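This report introduces one protein structure to a reader who has not met it before. It begins with the chain as a whole and then turns to selected regions.

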Amino acid sequence: MGYDAHTGTYRRVPVGFRSDTVVVSWFENAMFKGERPTVYGVFASLLKLMFLHTRFRRVVLVRHNIVPHGASVRWKWLVDFFYKFCNAKVAHNYHEDYRSIPHPRYRADAGDCSCDGGIAPLARPGEIAIFGRIVAYKRYETWFDVLPKDREILVFGEASDKAYLEQLQTVARSRRGLRIVDSQPCDRCAATAIKTCGTVFVANDNERALVSGSLIFSLELPVTILVPGRKSLGLYGDITPSDIAAGLGEAATQPVEVLEQQATDAWREVLQ
């Protein structure tokens with residue numbers, strides 16, 4: 001997987017033997033199954049890293065998370081160890097001694113609808129949208145009490161974990177104004193639903209994630225972005241107190257065009 005600095009996206013690129021540079025994202029994901037690494041995954045990753053150094057003059061690893069989603073943070077040391085053996089290490093937010101480069105844009109409104117369009121008509125003005133894959137590590141249920149009771153909440157996304165989906169639906173039956181929709185919308189329909197709601201809540205997995213994909217997606221939209229707590233968004237902006245509810249902050253983000261230019265300039269430096 002290579003990074004196209006001209007378009008700001010990752011794509012598969014053809015390479016010849018002993019090519020100049022390879023950029024690899026999600027390198028550590030193959031090491032883990034659930035909360036723990038596996039012997040096979042660690043060994044395979046070691047062989048892969050050795051192969052990359054044989055095939056390319058420079059190996060650049062891009063770190064998206066402190067540990068993969070769902071993995072225990074106590075294995076951070078293992079991920080750190082592998083990242084020592086590359087020529088340059090990049091993170092999509094401020095992280096230790098990594099080169100900080102903004103995440104590529106999602107361009108949420110681009111393209112035609114490629115789904116059944118089912119989620120967009122369900123959204124209502126004034127709701128707080130929570131979107132993305134519905135999986136247990138996101139712990140959505142812990143945020144429902146933080147959000148104001150006088151605002152309706154629409155949670156939508158693909159639920160691969162049906163047991164967790166049922167758990168959330170049980171909560172929804174006892175909380176007025178909470179709807180959980182198992183849906184796999186295209187980017188355009190997801191963006192339409194979020195814009196209709198007008199407010200989106202991004203529940204960052206602060207123990208594991210360097211930046212939330214939901215935040216990057218929402219940056220493209222003219223909506224209010226709520227986040228828990230008062231922590232800085234790092235590369236992406238600051239957080240100001242929200243008057244919607246205690247314990248929430250409102251994201252004051254950098255313009256996406258500024259982030260895009262920062263990423264382009266930084267990648268040119270890394271890849272030269």
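## Strand S3 and the loop after it

The model described here is predicted. Ser25 belongs to strand S3, which covers residues 19-25. The relative accessible area of Ser25 is 11%, so this residue is buried, the limit being under 20%. The side chain of Ser25 makes a polar contact of 3.3 Å with the side chain of His64.

Trp26 is found in the loop that runs between S3 and strand S4 (32-33). With a relative accessible area of 40%, Trp26 is partly exposed. The phi angle of Trp26 is near 60°, a positive value in a residue other than glycine. Most residues other than glycine have a negative phi.

## The chain as a whole

Six helices and 15 strands are present in the protein chain. The chain has 272 residues, and buried residues make up 50% of them. Among contacts with a separation of 6 or more, 69% are between residues 24 or more positions apart.

The accessible surface of the protein chain is about 13500 Å², and carbon and sulfur atoms account for 53% of this area. The structure contains zero disulfides. Two cysteines can be described individually: Cys186 is buried at 7% relative accessibility, and Cys189 is buried with a relative accessible area of 8%.

## The largest nonpolar core

Which residues touch the most other members of the largest nonpolar core? They are Phe156, Ile194, Leu215, Leu219, Ile225 and Tyr236, in a core of 32 residues. At least two residues of this core come from each of strand S9 (128-131), strand S10 (153-157), helix H4 (187-197), H5, strand S13 (224-228) and helix H6 (256-271). H4 gives the largest share, six residues.

Leu215 is in contact with Val202, Ile225, Leu233 and Tyr236, when its neighbours within four places in sequence are left aside. Another core, of 22 residues, lies apart from the largest one; its members include Phe32, Leu49, Val79 and Cys86.

## Helices H2, H5 and H6

In helix H2 (residues 76-83), the buried residues are Leu78, Val79, Asp80, Phe82 and Tyr83. These buried residues pack against S4, strand S5 (36-37), helix H1 (39-55), strand S6 (56-63) and strand S7 (88-91).

Helix H5 spans residues 213-218 and contains Phe217. At 5% relative accessibility, Phe217 is buried, because buried means under 20%. Phe217 and Pro104 are 113 residues apart in sequence, while their C-alpha atoms are 9.9 Å apart in space.

How does the expected span of H6 follow from its 16 residues? The expected span is 1.5 Å times one less than the number of residues, so H6 should span 22 Å. The end C-alpha atoms of H6 are 22 Å apart, which agrees with that expectation. Buried positions in H6 are Val256, Leu259, Ala263, Thr264, Ala266, Trp267 and Val270.

## Strands S7 and S8

Val90 is part of strand S7. At 0% relative accessibility, Val90 counts as buried. Not counting residues up to four places away in sequence, Val90 touches Val60, Leu61, Val62, Arg63, Tyr98, Arg99, Ile101, Trp267 and Val270. Two of these partners, Trp267 and Val270, are among the buried residues of H6.

Ser100 lies in strand S8, residues 99-100. Val90 and Ser100 are ten residues apart along the chain, and their C-alpha atoms are separated by 6.0 Å. A polar atom of the Ser100 side chain lies 3.4 Å from the backbone oxygen of Asn93. With residues up to four places away in sequence not counted, Ser100 touches Ala91, Asn93, Tyr94, His95 and Leu235.

## The loop between S9 and S10

Arg139 is located in the loop between S9 and S10. At 38% relative accessibility, Arg139 is partly exposed, because this value falls between the 20% limit for buried residues and the 50% limit for exposed ones. The phi angle of Arg139 is near 50°, again a positive value in a residue other than glycine.

How values were computed:
Residues numbered from 1 in each chain as written. Predicted model: local features only at pLDDT ≥ 70, side-chain atom pairs only at ≥ 80, totals over all residues. Heavy atoms only, no water. Helix = DSSP H or I, 4+ residues; strand = E, 2+ residues; numbered from the N terminus. Buried < 20%, exposed > 50% of the residue type's maximum accessible area, 1.4 Å probe, protein only. Polar contact = N/O pair within 3.5 Å; in protein donor to acceptor, adjacent residues only side chain to side chain. Contact = heavy atoms within 4.5 Å. Areas by Shrake-Rupley, 256 points an atom, 1.4 Å probe, with all protein chains shown as cover. Disulfide = S-S within 2.5 Å. Core = buried A, V, L, I, M, F, W, Y, C linked by side-chain atoms within 4.5 Å.
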